[in-house]
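Student: I am new to this structure. Could you take me through it in short steps?

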Amino acid sequence: MPNLLILGGTTEANALAKSVSEQAIPATYSYAGRVDTPRPQPVPTRVGGFGGTEGLARYIRDHEISHIVDATHPFAALMSRNAVEACASTATPLAALTRPPWVAQDGDSWQHVPDIDGAVDALSGPAQRVFLAVGRMHLQDFAAQPQHHYLLRLVDEPETVPFPNRDVIISRGPFTEIEDRGLMERHGTQLVVSKNAGGIGARAKLDAARALGLPVLMIDRPLLLQRTEFEKVSQVLDWLVHT
């Protein structure tokens, strides 16, 4: 019987936890601790980092972890890299449960940038009303462009907001296109800034931007080390049985 560690915090990780619980597969769900009130899970949970690659390798050995599934956010590049290296050093099977990236459709107006720094640079210029949908961890980066009026929608109240002009909404998704279209209309949004997270849980803002004819500044995903990747929970369950 596997003893699974799920590196979670995503819709995909939640679905995997539900499935392994239903099948009575021993598992632990690990939250990074980015939100104050993480969702409850049907399997035991832990919250917080491991202490880098060596800390994760030690956790694997101490808790006799047999398999790891990296179902973290596509932009959690450091955690994903640590998982690859820790699993390699401990000979622990690793798979990623990930979502395909979003692809522009007819009617979309996207400008791609490679990373957060690229997005900050792209915001140089005259003031606009910007829906900044990048999460609270990166707010300080955008303080370099204080001329804009920023709309922030966050899961938890931030300790500080480094913008003189902003509206902050505390709310947890998923949201619908109609809800996001109304939000952008009420706040006079002129530009949407988004990470290419993929999946369906956070794409409503892109559908709303298309419907309103608004441009999107799209931050591309970071490059990750090579690993086994799946897009469906059923594929992960099959991997667990046969690995």
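What follows is a set of questions and answers on a predicted model.

Student: In what order do the strands of the six-strand open sheet come?
Tutor: Six strands make up this open sheet, and their pairing is parallel. Neighbouring strands are turned against each other by 25 degrees on average, direction ignored. The order is β3-β2-β1-β4-β5-β12.

Student: Which are the edge strands?
Tutor: Look for strands that pair on one side only. Two strands fit, and they span residues 45-47 and 228-230. They are β3 and β12.

Student: In β12, what is the bridge partner of Ala96?
Tutor: Strand β5, residues 94-97, pairs with β12 in the parallel sense. Three bridges hold that pairing. The partner of Ala96 in β12 is Glu229.

Student: Which helix lies across β1, β4 and β5?
Tutor: Helix α7, residues 233-242, packs on the sheet too, but touches β1, β4, β5 and β12. The direction of α7 makes about 165 degrees with that of β4. The helix you ask for covers residues 77-90 and runs at about 155 degrees to β5. That is α3.

Student: Is strand β11 covered on its faces by buried or exposed residues?
Tutor: Strand β11 spans residues 216-219. Val216 and Met218 lie on one side, Leu217 and Ile219 on the other. A residue counts as buried under 20% relative accessible area. On both faces, these residues are buried.

Student: Which residue of β11 is the bridge partner of Ser194?
Tutor: β11 pairs in parallel with β6, residues 110-113, over four bridges. There, Gln111 stands opposite Leu217. β10, residues 191-195, also runs parallel to β11, joined by four bridges. In β11, the partner of Ser194 is Met218.

Student: How do α5 and α6 pack, at what angle?
Tutor: Helix α5 covers residues 177-187 and helix α6 residues 204-212. Their axes are 8 Å apart, and the angle is about 60 degrees. That makes α5 oblique to α6. The crossing is right-handed, and the angle asked for is about 60 degrees.

Student: How many charged residues are in the contact of α5 with α6?
Tutor: The contact includes Glu177, Asp180 and Arg181 of α5, and Lys205 and Asp207 of α6. By class, it has six nonpolar and no polar residues. The charged residues number six.

Student: What is the relative accessible area of Thr189?
Tutor: Thr189 sits in the loop between α5 and β10. Beyond its neighbours within four places in sequence, it contacts Arg129, Phe131, Leu151, Met184 and Leu214. Thr189 is buried, at 8%.

Note on methods:
Residues numbered from 1 in each chain as written. Predicted model: local features only at pLDDT ≥ 70, side-chain atom pairs only at ≥ 80, totals over all residues. Heavy atoms only, no water. Axes fitted to C-alpha atoms, helices over the stretch in contact; angles between N-to-C directions. Parallel < 35°, antiparallel > 145°, perpendicular 65-115°, else oblique. Left-handed = near helix turned anticlockwise from the far one by under 90°. Contact = heavy atoms within 4.5 Å. Nonpolar A, V, L, I, M, F, W, Y, C, P; charged D, E, K, R; others polar. Buried < 20%, exposed > 50% of the residue type's maximum accessible area, 1.4 Å probe, protein only. Pairing = 2+ DSSP bridges.
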